[in-house]
Amino acid sequence: MNNLVIIQNNATLTSSEIIAEGVGNQHKNVIELVRKYQADLEEFGMVAFETRARLQGQHGGGDTEYALLNEQQATLLLTYMQNTSIVREFKKALVKAFYNLVADRKRMAELTKYEVQIEAGNARIQVSRDKALASQLKLQALKDKLVRDKTVLESKTAKLLSQGALVKGDMAAS
């Protein structure tokens with residue numbers, strides 16, 4: 001039997017239909033038990049009754065009413081049933097299903113938390129890379145300016161030296 005437990009509106013639930021199938025009882029008997037002990041069950045939250053169209057090929061007419069029960073309600077309802085071997089086996093399976101689904105949700109929440117932390121870390125790394133690239137570009141611009149300034153200075157020095165040689169030559173000629 002798959003999907004003993006579902007998540008609906010952020011609540012972890014099972015249905016009277018799933019319980020009936022799991023314990024090998026007719027659904028009408030399980031829904032009667034829910035109605036009989038509704039006050040007890042509602043000590044653990046409101047019992048949600050829903051209806052759906054009867055599936056094709058099912059006996060009877062009209063819609064099917066079923067109850068959605070949280071973990072505590074389902075556990076309590078199962079304690080009101082005879083402790084046959086099939087009921088005991090289903091109780092264990094249902095408890096495991098509730099536990100596993102809650103544990104899976106916690107793991108997913110933790111993964112999501114870690115994914116957010118990883119994304120934040122990646123964003124910080126990207127900012128650092130951008131700053132490093134900006135610094136490299138500034139450094140390259142400074143290097144280029146130094147090369148240009150050196151070229152200008154060398155040109156001016158050569159010009160001054162040639163003018164100085166002319167001045168020395170003029171003085172020597174006089």
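In this predicted model, helix 1 is mostly covered, with 6 of its 8 residues buried. The buried positions are S16, I18, I19, A20, G22 and V23. Directly after helix 1 comes G24, and its phi is positive, near 75 degrees.

Helix 1 also contributes to the largest nonpolar core, supplying at least two of its residues. This core has 25 residues. Those with the most contacts inside it are I19, L69, L77, M81, F90 and L94. I19 is also one of the buried residues of helix 1. Helix 2 (27-36), strand 4 (63-70), helix 4 (71-79) and helix 5 (85-173) likewise each supply at least two core residues. Helix 5 gives the most, with 6 residues. In soluble globular proteins, nonpolar side chains tend to be buried together.

L94 links several parts of the sequence. Apart from neighbours within four places in sequence, L94 is in contact with L4, V5, T14, A74 and L78. Two of these partners, A74 and L78, are buried residues of helix 4. Helix 4 also buries Q73, L76 and L77, and L77 is among the core residues with the most contacts. At the start of helix 4, a side-chain oxygen of N70 reaches to within 3.1 Å of the backbone nitrogen of Q72.

The strand pairings were examined next. Strand 2 (11-15) is joined to strand 1 by 3 bridges, and the two run antiparallel. In this pairing, I7 stands opposite T12 in strand 2. Strand 2 is also joined to strand 4 by 3 bridges, again in an antiparallel arrangement. Here T14 stands opposite L69 in strand 4. L69 is among the core residues with the most contacts, and T14 is one of the residues in contact with L94. Strand 2 has 4 of its 5 residues buried, so the rest of the structure largely encloses it.

Strand 1 and strand 2 form a hairpin with 2 residues between them. What backbone angle does N9 adopt in the turn? Its phi is positive, about 50 degrees, although N9 is not a glycine. N9 lies in the loop between strand 1 (6-8) and strand 2. N10 is found in the loop between strand 1 and strand 2 as well. The phi of N10 is near 65 degrees, a positive value in a residue other than glycine. Most residues other than glycine have a negative phi. Are these loop residues buried or exposed? N9 has 74% relative accessibility and therefore counts as exposed, the cut-off being over 50%. N10, at 61% relative accessibility, is exposed because it passes this cut-off too.

At the level of the whole chain, there are 5 helices and 4 strands. From the N terminus on, the elements run β-β-α-α-α-β-β-α-α. Of the 174 residues, 23% count as buried. The accessible surface comes to about 12,800 Å². Carbon and sulfur atoms account for 57% of that surface. Among contacts with a separation of 6 or more, 59% are between residues 24 or more positions apart. The contact of L94 with L4 and the pairing of strand 2 with strand 4 are examples of links between separate parts of the chain.

Conventions
Residues numbered from 1 in each chain as written. Predicted model: local features only at pLDDT ≥ 70, side-chain atom pairs only at ≥ 80, totals over all residues. Heavy atoms only, no water. Core = buried A, V, L, I, M, F, W, Y, C linked by side-chain atoms within 4.5 Å. Buried < 20%, exposed > 50% of the residue type's maximum accessible area, 1.4 Å probe, protein only. Contact = heavy atoms within 4.5 Å. Polar contact = N/O pair within 3.5 Å; in protein donor to acceptor, adjacent residues only side chain to side chain. Pairing = 2+ DSSP bridges. Areas by Shrake-Rupley, 256 points an atom, 1.4 Å probe, with all protein chains shown as cover.
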